[in-house]
Amino acid sequence: MSISDKNKKFSKLAALFVLLLFAIWFLSSKDMIATESHIFEVKKGSSMGSIAQELSNKGFIKSELFFTSFSKFLNANKKLKSGYYEILPGTSVWTFIDKISTGSVLSTKVTLIEGKTIKFYFNQLTNDPSIKPSGSLKEVMTSIGINEPYDGWFFPETYSFNYGESLENVLKRAHQELMKNLMVLWDQRDKGLPLKSPYEAIILASLIENETALDEEKSLISGVFIRRLNEGMRLQTDPTVIYALGDAYSPPLKKSDLRINSLYNTYRNKGLPPGAISSVGYQSLFAALHPSSNTDLYFVSKKDGSHAFAPNYEKHKENIKKYLNNN
């Protein structure tokens with residue numbers, strides 16, 4: 001075998017060896033290292049090099065060089081999108097680079113439950129790791145443009161956001177959704193209601209929201225409250241007292257509680273309280289603006305989630321005896 005042939009053979013073997021090393025390097029580096037889901041933030045102004053370094057430092061990739069080289073091969077360097085991304089077990093480097101260069105950011109869902117106070121929502125969102133804080137409650141309300149009282153201005157719903165959305169933007173969207181529904185329903189309200197403003201509709205709806213979870217009862221309870229307002233009767237609804245007591249409330253509600261000196265105490269004061277006592281769902285808001293047209297002035301809990309209604313006090317006393325005193 002000539003020297004030339006030996007050199008050619010050596011070159012082929014060297015090329016195969018290099019190819020083998022590259023294959024091993026590729027196969028060992030192509031997948032990210034994750035045994036469970038992780039959230040990774042691509043910060044504004046980041047480069048593929050800085051991302052590769054951070055991923056390597058956190059143990060998510062085996063080779064910074066492979067990551068940066070592959071991103072150049074995919075022409076992804078100039079397409080980097082900031083945000084939060086999820087690294088799942090089995091995620092390949094190619095998949096992750098594709099995510100961060102196309103902006104396939106991680107999404108999150110936030111559910112605001114009906115009948116809750118703004119303090120409840122604020123604490124819920126503050127403790128949600130997918131939501132970024134935005135300052136104190138007062139600061140957030142001021143930024144959104146809401147003056148005290150704060151309750152009732154946020155629509156309970158399930159909302160989708162990008163992971164890392166600000167608390168302020170979550171509440172701002174819930175406020176916008178409330179206003180959208182409120183304005184439509186206010187324009188379509190029944191004639192002759194003793195409500196002076198859309199916010200009074202929210203206040204009334206919050207009382208309905210806290211009195212019953214049954215949609216079929218909401219217009220009936222609304223009717224009772226509307227007739228009491230028209231006749232100058234006190235609303236005498238327990239949830240307003242519970243709201244007035246705040247953290248001092250300890251169930252069950254006692255007769256002494258009904259004497260609390262608060263504008264929210266509808267056992268002492270006529271008319272609507274000065275503000276809503278919770279958030280309101282669509283059905284409660286609809287019922288506030290479309291009350292039943294019967295003659296009921298009283299209702300009492302049957303202790304099964306429903307209520308017994310009565311047009312006069314004599315019938316109401318019978319219902320109390322039937323559903324409360326005998327239980």
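## Accessibility and the model

A residue counts as buried under 20% relative accessible area, as exposed over 50%, and as partly exposed in between. The structure discussed here is a predicted model. By the first of these terms, Glu 168 is buried, because its relative accessibility is 17%. Lys 172, at a relative accessible area of 28%, is partly exposed.

## Salt bridges in helix α7

Side chains of opposite charge can pair when their charged atoms come close. Which residue meets Lys 172 in a salt bridge? The partner is Glu 168, with an N to O distance of 3.7 Å. The two residues are 4 apart in helix α7, which spans residues 167-187, and this spacing separates them by about one helical turn. The pair thus joins a buried glutamate to a partly exposed lysine.

Helix α7 also holds Lys 180 and Glu 177, 3 residues apart and separated by about one helical turn. Their salt bridge has its closest N and O atoms 3.3 Å apart. Glu 177 is partly exposed, with 22% relative accessibility.

## Helix α12

Lys 315 and Glu 318 lie in helix α12 (residues 313-325), 3 residues apart, about one turn of the helix. Between them is a salt bridge whose closest N and O atoms are 3.9 Å apart. Lys 315 has a relative accessibility of 35% and counts as partly exposed.

## Network and total

Lys 43, Glu 54 and Lys 58 are joined into one network by salt bridges that share partners. With a cut-off of 4 Å between the side-chain nitrogen and the carboxyl oxygen, the model has 11 salt bridges.

How values were computed:
Residues numbered from 1 in each chain as written. Predicted model: local features only at pLDDT ≥ 70, side-chain atom pairs only at ≥ 80, totals over all residues. Heavy atoms only, no water. Buried < 20%, exposed > 50% of the residue type's maximum accessible area, 1.4 Å probe, protein only.
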